[in-house]
Amino acid sequence: MPVDLKAVTRRPPEVVKVRVKRFHPEKGQGWWQTYEIKTYRGMTVLDALLKIKAEVDHTLVFRYSCRMGVCGSCGVVVNGEPRLSCQTQISEKATPERPEVVVEPLYNFPVLRDLTTDFTEFFEKHRKVRPYLIRLDKQERENPALEYEQRPEELEAFYEYTLCISCGLCDAACPVYASNPRFLGPQALAYAYRYLADSRDEGWRLRLEELERDGSVYRCHFAASCSSVCPKVVDPAGAIQRLRRALLAYNLRLFKKRTAKNVEPMKVSAERWPLPPEARLMEGVDLEAQEKGAPVIPKEKLLED
Amino acid sequence: MKRILENRLGIWASFKLMGATLNNNPERIAFILHRITGIILVGFIFAHIVSTNSLARNGWESWVAVEVEHLRGINPISIAFFIAIGAAVYHGLNGIRLLLVEALALWIGKPERPKPPYVAPSLKGFQRKAIYAVFVLSIIIWAAIGYVMFFW
Ligand code: SF4
Ligand code: FES
């Protein structure tokens, strides 16, 4: 389970030790530093780091942006497990017996300072798998006038993989990424599969040829740590196995894919008018007057409890 | 002066028990065991080649007699042999599971929309049950072989 869903209801220990692995580029050395902070119910690791920065030590450097698990910039290693610090409750990691949280920068990423890591390589690898739709019709691709036709089940086939927020936790957890710098990593490969499985994409031959030449797909050994740490349940491990099956089929000349056609944009059909009653404006509501001031709803239209 | 700290875990990541700290990830433990048993098997094959080669010069019968002598009772050589057998059993069984999962993408569930409790489909699929089956089966087979080797 990526997140202990009950943790937020528990109270963390009153005082928690936060042990942070720090690194200063100008001193050129790393060290461990321990802070003691008071906690409150619902405090996350990111809250704790912010509190340390505000009250104890303002030289501590870390990266964050949205504080709600959307931007993917706050990845750190908490007690040996790659996590989004904004989504990790202190009460999940610190117990009354051992009120300690150990925070390290993400494994397998070069550390710039303290908890801030360099994502250049990560995004270069992301770029390598061509994370965009490839269409054979150049004219239509550059100046689109039509829409793609896609069935709901074709959307389901890749929807899960579009949820990735590029936080890098999967690469930090992967034992192969750790020992093989040429391995593209779970994130990039999940994206490769996301575009291969997308029925709007026509570049499957190019994608499969490139993946075959790169060989990264065959380096995976299904330790599945990527899927277990992913905060968005993207399941990169499953994606890599499916890529491998696709490559096997391709090498046996069995690979088939239905690609979407371009169709005329949908038009609202005339039978939809007049609108069904629930979509019609309420009688007695003056739209123009409402746009000027606060909305006024006639008394008799208000629902009573 | 180091401007950037390299933080790659390197080959150590293949043995570090991150599997114990990661939630819900027996696959990682299976992976670590697969690596370790693989190394044991490579060592065993080398030892096997050396031992059969040097002794076989005296003829097949004498070699078999020596081997049987070595494998009777509890001594370092029979224990090493026993460990190698255990490694082979686990490596083989887990290898079958990995073949099905990795080459054919069997047992890893279907892509689905995330819903509570937010477990990735490949971690819920049949391969998870297969891991426990591999663990249990290899222990049973290993114990049976040990019984035959040492107490029969
Ligand atoms: S696949 Fe998951 S863990 Fe990996 S970068 Fe995307 S969101 Fe993060
Ligand atoms: S701060 Fe945006 S994901 Fe944590």
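Two residues are in contact here when heavy atoms of theirs come within 4.5 Å. With that settled, I can start. This is a predicted model, and I will go through the interface of chains A and B, then ligand 1, then the two domains of chain A, and end on one loop residue.

First, the two chains. The contact draws 59 residues from chain A and 46 residues from chain B. The size of an interface is often given as the accessible area lost when the parts come together. For chain B and chain A that comes to about 4,300 Å², with 58% of it on carbon and sulfur atoms.

What polar links are there across this interface? There are 18 residue pairs in polar contact between chain B and chain A, counting pairs with both residues at pLDDT 80 or more. The salt-bridge rule finds 3 between these chains. One of them joins the side chains of Arg244(A) and Glu102(B), at 3.8 Å from N to O.

On the chain B side, the elements that give two or more residues to the surface touching chain A are helices H1 (18–21), H2 (26–56), H4 (76–104) and H5 (121–124). Which of them gives the most? H4(B) does, with 6 residues. By class, the chain B residues that touch chain A divide into 23 nonpolar, 13 charged and 10 polar.

Next, ligand 1. The residues around ligand 1 come from chain A, and among them are Cys164(A), Cys167(A), Cys170(A) and Cys230(A). Pro231(A) and Pro236(A) are in the list too, as are Ser166(A), Gly168(A) and Gln187(A). By class, the shell around ligand 1 has 9 nonpolar residues, 3 polar ones and no charged ones.

Now chain A by itself. The domain assignment splits chain A into domain 1, residues 7–117, and domain 2, residues 120–251. The C-alpha centres of these two domains of chain A lie 30 Å apart. Where they meet, 14 residues of domain 1 of chain A are in contact with 15 residues of domain 2 of chain A. The area buried between the two domains is about 1,100 Å², and carbon and sulfur atoms give 63% of that.

Which three residues supply the most of what domain 1 of chain A buries against domain 2 of chain A? They are Pro82(A), Asn108(A) and Phe109(A), which together supply 47%. Between these domains the rule finds 0 salt bridges, and 3 residue pairs are in polar contact, both at pLDDT 80 or more. Strand E4 of chain A, residues 81–84, gives the most to the domain 1 side, with 4 residues. That side divides into 7 nonpolar, 5 polar and 2 charged residues.

Strand E4 also takes part in a salt bridge. Over all chains the count is 24 salt bridges. One of those pairs is Lys93(A) with Glu81(A), whose side chains meet at 2.9 Å, N to O. Lys93(A) lies in helix H2 (residues 90–93) of chain A and Glu81(A) in strand E4 of chain A, so this pair ties together parts 12 residues apart in sequence.

Last, Asn79(A). Asn79(A) is in the loop between strands E3 (75–78) and E4 of chain A. The side chain of Asn79(A) reaches the backbone nitrogen of Val102(A) at 2.7 Å. Leaving aside neighbours within four places in sequence, Asn79(A) is in contact with residues including Lys93(A), Arg98(A) and Glu100(A), and also with Thr21(B).

That is where I will stop.

How values were computed:
Residues are numbered from 1 along each chain as its sequence is written. Chains are lettered from A and ligands numbered from 1 in the order in which they are written. This is a predicted model: local features need pLDDT of at least 70, side-chain atom pairs count only at pLDDT 80 or more; totals for chains, interfaces and linings use all residues. Side-chain values use heavy atoms; hydrogens and water are left out. Buried area is the accessible area (1.4 Å probe) that two parts lose on being put together, summed over both. A salt bridge is a side-chain nitrogen of Lys or Arg within 4 Å of a carboxyl oxygen of Asp or Glu. A polar contact is a pair of N or O atoms within 3.5 Å; within protein, one must be able to donate a hydrogen and the other to accept it, and residues adjacent in sequence count only if both atoms are side-chain atoms. Ala, Val, Leu, Ile, Met, Phe, Trp, Tyr, Cys and Pro count as nonpolar, Asp, Glu, Lys and Arg as charged, and the others, Gly among them, as polar. A residue is near a molecule or strand if one of its heavy atoms lies within 4 Å of it. Domain bounds come from an automatic or database domain assignment.
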